[in-house]
Amino acid sequence: MNRYAMSSDTPCITRPIAITPGDPCGIGPEIIARAWCHAPAVTQGCFVAGDVQLMRRALDLVHSGPAFPVFEITEPSQALSVPPRCLPVLQVVPTAPVLPWGIVDARAGQLAGEAVLWATRAALRGEVAALVTAPLHKEALHAAGAPYDQYPGHTELLQAEAARHAGLPLAQMPVRMMLANDELRTVLVSIHLSLRDALNAITQERVLQTLRITDASLSRILGRRPRIAVAGVNPHAGEGGLFGREEIEVLQPCLASARQDGLDVHGPFAPDTVFMRARQQSDGRREFDVVIAMYHDQGLIPVKYLGVEQGVNVTLGLPLVRTSPDHGTAMDVAGQGVADPRSMIQAIQMARQLI
């Protein structure tokens, strides 16, 4: 039996969820189409903000059996009343050219960027309850030119739009990336920076900001204050300063300040063992609810090792709900009809729970 078909954990929604197709040359459209085929309860009330012809091509790629049509809608609210076994699509970009699967193309980057901009603005206006983004290709996005070439990825684009909508400087709209699956959650102090720049970004201000954003966001998700573990920067968390002083000079003062504010924070711990302590055990227990990782790969490797097909990316700190699958465009398998939709399904399920 389909594990998603009659899930009692699928919350009902009163406003639609917008899903952007990501790069049209990657697996984004395919995993969306597969999500509609395999998880009708999860995708109910959702719609694709993108291109009608693109989603018809994706359905043709993955569907075998009775007809499963694309249902073109003209406004988001119509997604709540679409007939069963239909995939609602709102045309929010100019009709896209048919591009080959698995290539990096500026036209694909432009389509992906335009869809995300439309959906982000709709969410900020309150027209949709949440935004789920299929993976885009950063090189294609950059090749599309202005304004997309100024954003390293989804997170920075969403942050800029949210700040613009609120009339705030970008610095006053801080966001963080949380990667989560059924076993582990991790939040990153920095995202898309070189390792050298990421180490320079480990400041007291940035770490403390990360702790506060994580505490506020997970308190809403869990219904209580989260138990937060902080990973060290250096091997053995610096070993008392023998292998580096970031733990002494940056992290320990941050934790002391956070505790004064009432946060339940612990560490800094050796980064090679702290993730095991925060991993959910077979009996459902875990020592910590989340780990604060100091840079991109430190936090993402443990989560992805546990199963990239079920990981979800959640952007914390935004005035909207945004989730996405925890993988990229997979250009090497795009168009072959073999893409795994589980991370997309989990991202939609997570969005439903957060709203």
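In this predicted model, 5 of the 5 residues of strand β6 are buried (under 20% relative accessible area with a 1.4 Å probe and protein chains only, where over 50% is exposed and anything in between partly exposed), so β6 is largely enclosed by the rest of the structure. Arg176, Met178 and Ala180 point one way from β6, while Met177 and Leu179 point the other way, and all are buried. Helices (H or I, at least four residues) and strands (E, at least two) are DSSP runs numbered from the N terminus, and residues are numbered from 1 along each chain as its sequence is written. Local features need pLDDT of at least 70 and side-chain atom pairs count only at pLDDT 80 or more, whereas totals for chains, interfaces and linings use all residues, and side-chain values use heavy atoms, with hydrogens and water left out.

Strand β6 is joined to β11 by 5 bridges, the two running antiparallel, and Leu179 has Asn313 as its bridge partner in β11. Pairing of β6 with β7 (residues 185–188) is likewise antiparallel, over 3 bridges, with Leu179 opposite Thr186, and a hairpin of 4 residues connects β6 to β7; two strands count as paired if DSSP finds at least two bridges between them. These strands belong to an open sheet of 12 strands with mixed pairing, in the order β3-β4-β2-β1-β5-β12-β11-β6-β7-β10-β8-β9. The edges are occupied by β3 (70–73) and β9 (264–269), each of which has a single partner strand, so that one side of each is left without a neighbour in the sheet. From one strand to the next the twist averages 30°. Strands β11 (residues 312–316) and β12 (residues 322–325) pair in the antiparallel sense over 3 bridges, and Val312 has Pro325 of β12 as its bridge partner. Helix α6 (residues 154–166) packs on the sheet and touches β5 (130–133), β6 (176–180), β11 and β12, its direction making about 165° with that of β12; contact here means heavy atoms within 4.5 Å, and angles run from 0 to 180 degrees between N-to-C directions, with axes fitted as lines to C-alpha atoms, for helices over the stretch in contact.

Two helix pairs were examined. Helices α8 (residues 204–222) and α9 (residues 246–260) pack at an angle of about 40° with their axes 9 Å apart, which makes α8 oblique to α9; angles under 35 degrees count as roughly parallel, over 145 as roughly antiparallel, 65 to 115 as roughly perpendicular and the rest as oblique. The residues of α8 in this contact are Gln204, Val207, Leu208, Leu211 and Arg212, and those of α9 include Leu251, Cys254 and Leu255. The axes of α1 (residues 28–38) and α3 (residues 52–62) come within 8 Å and cross at roughly 65°, and α1 and α3 are therefore roughly perpendicular to each other. Among the residues that meet there are Ile32 and Ala33 in α1 and Leu54 and Met55 in α3.

The largest nonpolar core (a set of buried Ala, Val, Leu, Ile, Met, Phe, Trp, Tyr and Cys residues joined through side-chain atoms within 4.5 Å) has 61 residues, and those with the most contacts inside it are Ile19, Val207, Leu211, Met294 and Met344. Apart from this core lies another, of 27 residues, among them Ala79, Val93, Ala163 and Met173.
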